[in-house]
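Thanks, everyone, for making the time. I would like to walk through one model this morning, and I will put the sequence and the structure up before I say anything about them.

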Amino acid sequence: MSRGSGSGARGPGAGGRGPQSGISQARSIPAFKSLTAGPGPLTPIFLLLATVLLPVLVTAQVPARSVDEQVVMEIAAQLRCVVCQNLSVADSPSETANQMRAIIRERLATGETPEQVKAYFVEKYGEWILLAPPRRGFNLLVWTLPFVGLFAGLVFLFFVARRWSRGTKTASEPVDREALERVRRELTELEP
Amino acid sequence: MFSEIETPHPEPRTPDPGPRTWWRWAIPFAVVPVLVLLAYGFSTDPRAIPSPLIGKPAPLFKLQSFDGNQISLAELRGKVVVLNFWASWCYPACYEEAPVLEGGWREYERRGAIVLGVDIQDTQEAALKFINRFTLTFPNAPDPTGKVSVEYGVYGVPETFFIDRRGMIRKKHVGAVTEPVFREWVEKLLKEDA
């Protein structure tokens with residue numbers, strides 16, 4: 001999004017932005033005035049200082065570090081795309097994810113470690129931002145419960161299977177021929 | 001008659017009652033923790049994500065407003081700031097709250113409360129159309145790099161932060177701001193000392 005140059009932006013309708021540009025000027029708002037940087041007598045000096053000092057400061061604070069794009073993607077893959085449903089920042093094509101990747105890249109370029117970059121996002125969003133919950137506290141349930149469930153299921157299956165095999169054994173036990181014959185005989189006797 | 005029939009079984013047919021009673025209790029008891037977990041899961045709103053920023057200093061930022069002015073949060077220290085993240089495509093929530101924010105700004109501005117709008121993931125054209133539609137007069141600025149939204153842990157629009165006079169984030173409201181919420185928090189924070 002490009003904006004009009006600083007000098008022309010204060011005039012009404014500057015940059016052809018229509019009626020909106022004049023709105024905040026139309027009302028005299030004391031509070032708002034304090035946060036707007038109007039061109040004062042010090043502005044040229046400040047601008048000069050800024051143009052001279054800014055590149056120096058930037059190069060001094062941010063050593064030119066080449067950022068490994070793979071590291072960016074590795075971090076992005078662990079972060080939740082905040083505007084998506086169950087997508088990582090690495091997988092999402094959304095503009096937000098794109099901006100988050102840019103932030104990761106930028107922070108790595110200033111010399112932060114991948115852990116520090118992740119910690120930054122956690123600080124802002126909470127652990128929710130991490131796709132894999134950290135293995136501690138209540139989260140441990142998520143990590144252990146599937147295995148506990150699997151184990152319990154196996155134990156259950158073992159007992160059930162044992163009972164089944166026992167049951168079939170009793171069922172296949174040979175019936176006493178003599179007794180069977182007697183049941184048949186008595187049943188026929190019962191018939192009218 | 002039938003009582004005469006005797007099948008010569010060496011063992012009694014009913015198995016040992018010990019394990020059977022054990023199972024009878026174990027299965028319902030195994031269901032209890034699962035139910036507790038489900039109850040916990042379903043009673044929490046997956047969309048209500050607690051912000052870790054409450055009670056922390058509001059991250060400072062500088063943005064250029066749509067009308068070309070510089071907005072700097074640092075310069076607003078001593079005032080109550082209602083920081084609203086919105087987008088023109090955020091319908092209907094952002095459309096519902098826009099009149100509330102504008103009304104709040106007009107009413108409370110004299111008393112030392114500032115409403116700031118940050119437009120995220122938007123085009124300038126659509127954003128200006130939105131501003132005109134609601135004749136918004138409080139300062140609004142786009143966040144072209146998304147950095148301010150990430151600084152505030154914004155995951156959707158609209159989200160509104162109430163910042164006290166000392167520059168602390170005191171409340172995060174997700175979804176359209178209603179007049180009672182606006183009033184409650186602005187009044188409360190205005191009463192506090194800087």
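The largest nonpolar core has 66 residues, and the members that touch the most others are A:Ile104, together with B:Val81, B:Val82, B:Leu116, B:Val118, B:Ile163 and B:Val186. Please keep in mind throughout that this is a predicted model.

Let me take two of those residues in turn, beginning with B:Val118. Which residues does B:Val118 contact, once its neighbours within four places in sequence are left aside? They are B:Leu63, B:Leu83 and B:Phe85, and, further along the chain, B:Ala141, B:Asp143 and B:Val148.

The second is B:Val186, one of the core members just named, which also takes part in a contact between two helices of chain B. These are helix H2, residues 93-108, and helix H5, residues 179-191, whose axes come within 10 Å and cross at roughly 35°, the crossing being right-handed. On the H2(B) side the contact is made by B:Val100, B:Gly104 and B:Tyr108, while H5(B) brings B:Glu179, B:Phe182 and B:Val186. Sorted by class, this contact has 4 nonpolar residues, 1 polar and 1 charged.

Turning now to chain A, how many helices and strands does chain A have? There are 8 helices and 0 strands, so that the pattern, read along the sequence, is α-α-α-α-α-α-α-α. Of the 192 residues in chain A, 14% count as buried. As for its contacts between residues at least 6 apart in sequence, 41% of them join residues at least 24 apart.

Notes: Residues are numbered from 1 along each chain as its sequence is written. Chains are lettered from A and ligands numbered from 1 in the order in which they are written. This is a predicted model: local features need pLDDT of at least 70, side-chain atom pairs count only at pLDDT 80 or more; totals for chains, interfaces and linings use all residues. Axes are lines fitted to C-alpha atoms, for helices over the stretch in contact, and angles run from 0 to 180 degrees between N-to-C directions. Helices (H or I, at least four residues) and strands (E, at least two) are DSSP runs, numbered from the N terminus. A crossing is left-handed if the near helix is turned anticlockwise from the far one by less than a right angle, and right-handed if clockwise. Two residues are in contact if their C-beta atoms, placed from the backbone, lie within 7 Å. Ala, Val, Leu, Ile, Met, Phe, Trp, Tyr, Cys and Pro count as nonpolar, Asp, Glu, Lys and Arg as charged, and the others, Gly among them, as polar. A residue is buried if 20 or more other C-beta atoms lie within 10 Å of its own, exposed if 12 or fewer, and partly exposed in between; C-beta atoms are placed from the backbone. A nonpolar core is a set of buried Ala, Val, Leu, Ile, Met, Phe, Trp, Tyr and Cys residues joined through C-beta atoms within 7 Å.
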